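Hi everyone, thanks for coming. I'd like to walk you through one structure today, so please have a look at the screen.

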Amino acid sequence: MQEIEPALADGTTVKPAFEGQGDQIMDDEQQIHALFDAGDRALMNADIETLAHIFADDYVQYDPAGRAFTKQEVLENLRSGTVRYPVIQSTGRRIRLFGDFAIVHGSESDEVESGESRFSVRYFYMDVACKRSGKWQIVGSQLVKPSD
């Protein structure tokens, strides 16, 4: 199993520190930002292995129509090419920490490929991240398309 090395928005790779070691210590908010930046890159590259680490095994994503997709379904849609995200541009992100849980509110402008179509879409999202065994993962997502 490959360890994910989160990177900050400027591309700086940061290795998570373990208690009792002299490695650089990132606070939880920085770790979550790095997790989401790595997730965006993995989605754009259809990097299933990395996404399998970013999304918790019990991950559930709700699309703008309210349909629920499990982690396995999200990954299979990427693996099969049913959906692609060639461009993901974060346009805002706010993190609210509650101990080992965080709510992440954000917005993004994406290019999506589905079937023979490619289209632009804007999303607002609310994700829940959970710190388990010292590692942050995304456990749930709700996507919303703003009314224009």
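I'll talk about the core, then the pocket, and then one residue on a strand. Keep in mind that this is a predicted model.

Okay, the core. The largest nonpolar core has 28 residues, and the ones touching the most other members are Ile32, Leu51, Phe55, Leu78, Tyr85 and Ile138. Several elements chip in with at least two residues each, among them helix H1 (28-44), helix H3 (71-80) and strand S6 (135-144). The largest share, six residues, comes from H1.

Now, the pocket. The largest one has a volume of about 740 Å³. It's lined by 35 residues, and Gln61, Val83, Tyr85, Tyr123 and Leu143 are the closest to its centre. H1 turns up here too, giving the most to the lining with five residues. What's the lining made of, in nonpolar, polar and charged residues? The split is 21 nonpolar, six polar and eight charged.

You may have spotted Tyr85 in both lists: among the best-connected core members, and among the residues closest to the pocket centre. Leaving out residues up to four places away in sequence, Tyr85 touches Leu43, Met44, Leu78, Asp110, Glu111 and Val112.

Last stop: Val87, which sits in strand S3. Is Val87 buried, partly exposed or exposed? Its relative accessibility is 35%, so Val87 counts as partly exposed. With the same sequence neighbours left out, Val87 touches Met44, Ser109, Asp110, Glu111 and Arg118. And Glu108 is 21 residues from Val87 along the chain, with 9.9 Å between their C-alpha atoms.

That's my tour, thanks!

Notes. Residues are numbered from 1 along each chain as its sequence is written. This is a predicted model: local features need pLDDT of at least 70, side-chain atom pairs count only at pLDDT 80 or more; totals for chains, interfaces and linings use all residues. Side-chain values use heavy atoms; hydrogens and water are left out. A nonpolar core is a set of buried Ala, Val, Leu, Ile, Met, Phe, Trp, Tyr and Cys residues joined through side-chain atoms within 4.5 Å. Buried means under 20% relative accessible area, exposed over 50%, partly exposed in between (1.4 Å probe, protein chains only). Helices (H or I, at least four residues) and strands (E, at least two) are DSSP runs, numbered from the N terminus. Contact means heavy atoms within 4.5 Å. On a 1 Å grid over the protein atoms alone, a cavity is a set of points where a 1.4 Å probe fits but cannot get out, and a pocket is an open set with protein on both sides within 12 Å along at least five of seven lines; lining residues have an atom within 4 Å of a point. Grid points are joined across faces, edges and corners, and a volume is the space filled by probe spheres set on the points. Ala, Val, Leu, Ile, Met, Phe, Trp, Tyr, Cys and Pro count as nonpolar, Asp, Glu, Lys and Arg as charged, and the others, Gly among them, as polar.
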